[in-house]
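Hi,

Here is the structure I said I would pass on. Have a look at it first, and then read my notes underneath.

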Amino acid sequence: MSTSKKYKRPESLQETKHLYCAGCGHGIIHRLVAEVIDELGVREKTIGIAPVGCAVFAYDYFNFDVTEAPHGRPPAVATGIKRVMPDHVVFTYQGDGDLAAIGTAEIIHAANRGENITVIFVNNTNYGMTGGQMAPTTLIAQKTATSPFGRSAANEGYPIKVCELLSSLEGTKFLARVAVDKPGNVLQAKKTLLKAFQNQLDKKGFSLVEVLSMCPVGWGMTPQAACKRIQEEVTKIFPLGVIKDLTV
Amino acid sequence: MEPAGKKKPIVIIDAERCKGCELCIVYCARKVLGKTKNINKAGYNPAVVADPDKCTACGFCYLMCPDNAIEIK
Amino acid sequence: MANKKTLMEGNIALCEGAIAAGCDAYFGYPITPQNDVTGHMSRRMIELKRVFLQAESEIAAINMVLGVAATGKRAMTSSSSPGVSLKQEGISYLAGCELPALIVNVQRGGPGLGNITGSQSDYFQAVKGGGHGDYRVITLASASVQEMYDMPQLAFELADKYRTPVMILADGYVGMMMEPITMPEKAPEVKTVKKDWALTGCAGRKPRKILSLYMSDGLLEAHNRKLNEKYSLIKKNEVRYEAVNTEGADIVIAAFGIAAKICKSVLQMAQKDGLKVGMIRPITLWPFPEQAFADIAKTAKKILVVEMNMGQMVEDVRLAVQGKIPVEFLGKPGGSIFSTEEIYEHIKKI
């Protein structure tokens, strides 16, 4: 597996400036997806599905066909597209509110059917776009706009570990968790995304990559501190690595 | 990573794209990049190439930049 | 082309009509009284090597439709009333994204879980929006098994022509009754239009995007105005209705779907007794045949709106008639069905 040594905006990314906050991980993840699509040479047959959430404008950033989907429904929309265009590369790009809250049913059943799609699941432990509310992935004691005293297990339950949750489904073939908090992890994230897309080209079935991402504004800290938080707190609850791989 | 070799790497920062998050500065092992008091059109203080001679083209700044504001030639 | 006559159930005729109309993909979820649609499609679509999928929910089904529609292929879902309520979010997105698709509602009694017999109580939901936002859905009301077969073709053509979702508003009675229908020996060639907006991969062209989000100042207003222009065009061009014995009629019945089918027998009873009773049957519930009612108000003495609900279409009839003649209402709620006698008795009273 190769990673590019080309340090220049990939073709699959438009020149448009992102509207993301300073230090937001989405920009890095967008670039990685674009690099992977470039390297696989599939830009002209890729169809992306943008979520509702911070990445709602993804269709303005990616340089290939992209559709909008209602909140939480990208896996169903992707299912429709992939079923009628099986030779196209279809992926969803979803946040933790989109995928793990309102869209729980859609992701579980798309995974269980083993849809041959790639899912990019950005976990930044809160709802960024709407102003930093509690997400299903919010850590215990984490203060958010809607958990001002910190998330309590007694009131709001526990952070959902999506990869582990999906791993019991026979339809899932590749589940991995990566982070974009430091250069080494960014490189690892790219390798993992490359595999998740390659799986689709090889018709291996459902692949999901969970990406732990910084949300400095939502977390009320500097981008540097947000990276540190991923290393010291978030990865303790959401450990990095391959959770399931049935592709070999 | 490529070693500093025959060709001197050039780091280019697009000051108008930069949001001043400083992740490139934080992760630059050789302190090539630095802060400024300049303000771009969007109101951010963009990062600058402070000490270009030290650059080894490790790519860390590019990898960590969320805004595609960095290119290494 | 040679035709063949065959006895068929409404729900099955709907499937065969959709298949003949080139439906590429069907997504459904079990709910009575539309189950025969999902059941029949599960076999036929697979046999034809097209896409059939039983979705995990009504919401997923409509969003799978959205995905297929975004690629420019013909997609369809069907359900019954509570299920169609769940689909409304997706229908609003289809309208906002300007995606063509076919949604079928084989109505049952409501509100809530209601019951499982045929009803017409989703008229408001179908023609007045249903989901959020300022949009319209072309709504075709089928009154016979023959129409169940014929309407998908029209629905897909209108959907493609105007880039908009189209609904066939059927009901449990039309869906589950058996009638002889005529269908061509060989399905005619599917008429397709060029879709220079569809997501097919950006080979040899600029990337395309499908969206309904317009954040910048004035963009959403412009989008809504553009949609409204389209709706005005549809209102101008696509009104469809059937007029029976309306010339010289004293009383004109207004009824759609299964209620209209029952009223046709009532017209015969009236004719036998020498009463001048006619009927206007809206085939498109939206766009509503306003002009037909405005015109009939100039010659008829009274209009009787007959619906299997507690008064929904009657509001549109009254708007069209504008108080020129009395508009009376006879309703039957809760999934119960009219007898011809009770309608006829009511006519004799007025």
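**Helix and sheet in chain A**

Helix α1 of chain A, residues 26-40, lies across four strands of chain A: β1, β3 (89-95), β4 (118-123) and β6 (206-212). Against β3(A), the helix runs at about 170°. Before you go further, bear in mind that this is a predicted model.

Those strands belong to an open sheet of 8 strands with mixed pairing. If you want to trace it on screen, the order is β7(A)-β5(A)-β6(A)-β4(A)-β3(A)-β1(A)-β2(A)-β9(C). The edges are held by β7 (241-245) of chain A and β9 (209-210) of chain C; each has a single partner strand, so one side of each is left without a neighbour in the sheet.

As for β1 (residues 46-50) and β2 (residues 65-68) of chain A, they pair in the parallel sense, over 4 bridges. Within that pair, A:I47 stands opposite A:D65.

**Chain A as a whole**

Chain A has 10 helices and 7 strands. Its C-alpha atoms fill a box of roughly 50 × 40 × 30 Å along the principal axes. Is the radius of gyration what a compact globule would have? For 248 residues the rule gives a value near 18 Å, and chain A has 17 Å, which agrees.

**How the chains meet**

There are 2 pairs of chains in contact, and chains A and C share the most contacts. Chains B and C are not joined by any contact; their closest C-alpha atoms lie 17 Å apart.

**Pocket and cavity**

You will probably want to look at the open space too. The largest pocket has a volume of about 460 Å³. It is lined by 21 residues, and the closest to its centre are C:Y93, C:H132, C:S212, C:L213 and C:L220. Two elements of chain C, α4 (81-97) and α8 (219-237), give two or more residues to this lining. Of these, α8(C) gives the most, with 4 residues. By type, the pocket lining divides into 11 nonpolar, 8 polar and 2 charged residues.

As for closed space, the structure holds 1 cavity of 30 Å³ or more, with a volume of about 90 Å³. Which residues lie nearest the centre of this cavity? They are B:C18, B:C21, B:C24, B:C65 and B:P66, out of 14 that line it. That lining divides into 10 nonpolar, 1 polar and 3 charged residues.

Cheers

Notes: Residues numbered from 1 in each chain as written. Chains lettered and ligands numbered in written order. Predicted model: local features only at pLDDT ≥ 70, side-chain atom pairs only at ≥ 80, totals over all residues. Heavy atoms only, no water. Pairing = 2+ DSSP bridges. Contact = heavy atoms within 4.5 Å. Axes fitted to C-alpha atoms, helices over the stretch in contact; angles between N-to-C directions. 1 Å grid on protein atoms, 1.4 Å probe; cavity = no way out; pocket = protein on both sides within 12 Å on 5 of 7 lines; lining within 4 Å. Points joined across faces, edges and corners; volume = space filled by probe spheres on them. Nonpolar A, V, L, I, M, F, W, Y, C, P; charged D, E, K, R; others polar. Rg over C-alpha atoms; globule rule 2.2 N^0.38 Å.
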